[in-house]
Amino acid sequence: MIFCYRFHTGVELIRTDSQAGETLKFLWHYSDAIMCYSLKASPLFTFTNQAGLDLLETTLLALQDILLEKILDDIGRKVLYSEFPNIMQQGFASLPVGICMRSMGRPVSYEQAIAWKVLNEDLFPRLMS
């Protein structure tokens, strides 16, 4: 996930000289919400850091029960779906200010969202060499 962010955007999300344990700890405590959502055959959340859990007002156990359609408002869904071809072609897209819904149905605003495509793990060794 982190490698894919750098690959597509050219910017480091976190320092790459960290040990794996330090990287996970840094991601968990990162001040911005980091959320991974799989859009495969069975769409579901696969990860979020503490800031993401706080934003959604949920727990790690309840995360997989949250549907993307329930989080994004109509405008947010339209923006995401309109940017989906760019995400697939360029690897990422920057989404503008928007509103999402917390798990309890309360709205929360966000300043910006960056969506990026996570590459197949089988490609990592070839792209890193």
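Colleague: What makes Cys100 count as buried or exposed in this predicted model?

Modeller: Cys100 has a relative accessible area of 5%, and because buried means under 20% relative accessible area, exposed over 50% and partly exposed in between (1.4 Å probe, protein chains only), Cys100 is called buried. Cys36, with a relative accessible area of 14%, is buried by that rule too.

Colleague: How many disulfides does the structure hold, and what would make a pair count as one?

Modeller: The structure holds 0 disulfides, where the term requires a pair of cysteine sulfur atoms within 2.5 Å.

Colleague: Which conventions lie behind these values?

Modeller: Residues are numbered from 1 along each chain as its sequence is written, and side-chain values use heavy atoms, with hydrogens and water left out. As the model is predicted, local features need pLDDT of at least 70 and side-chain atom pairs count only at pLDDT 80 or more, whereas totals for chains, interfaces and linings use all residues.

Colleague: Why is the contact of Arg102 and Glu57 called a salt bridge?

Modeller: The term asks for a side-chain nitrogen of Lys or Arg within 4 Å of a carboxyl oxygen of Asp or Glu; the side chains of Arg102 and Glu57 meet at 3.0 Å, N to O, so the pair qualifies. This pair links distant parts of the chain, 45 residues apart, with Arg102 in the loop between strand S4 (98-101) and strand S5 (107-110) and Glu57 in the loop between helix H3 (50-56) and helix H4 (60-63). Those helices (H or I, at least four residues) and strands (E, at least two) are DSSP runs, numbered from the N terminus.

Colleague: What makes Glu57 part of a network?

Modeller: Glu57 also meets Arg106 in a salt bridge, at 2.7 Å from N to O, and Glu57, Arg102 and Arg106 are thus linked in a network of salt bridges. As for accessibility, Arg102 at 23%, Glu57 at 27% and Arg106 at 43% each count as partly exposed.

Colleague: How do you know that Arg77 and Asp74 form a salt bridge, and where do they lie?

Modeller: Their closest N and O atoms are 2.3 Å apart, which is within the 4 Å allowed, so the term applies. Both residues lie in helix H6 (residues 74-90), 3 residues apart, about one turn of the helix.

Colleague: What makes S3 and S6 a strand pair?

Modeller: Two strands pair if DSSP finds at least two bridges between them, and 4 bridges join S3 to S6 (residues 113-116), so the two antiparallel strands pair. Among the bridge partners, Ser94 is matched with Ile114 in S6.
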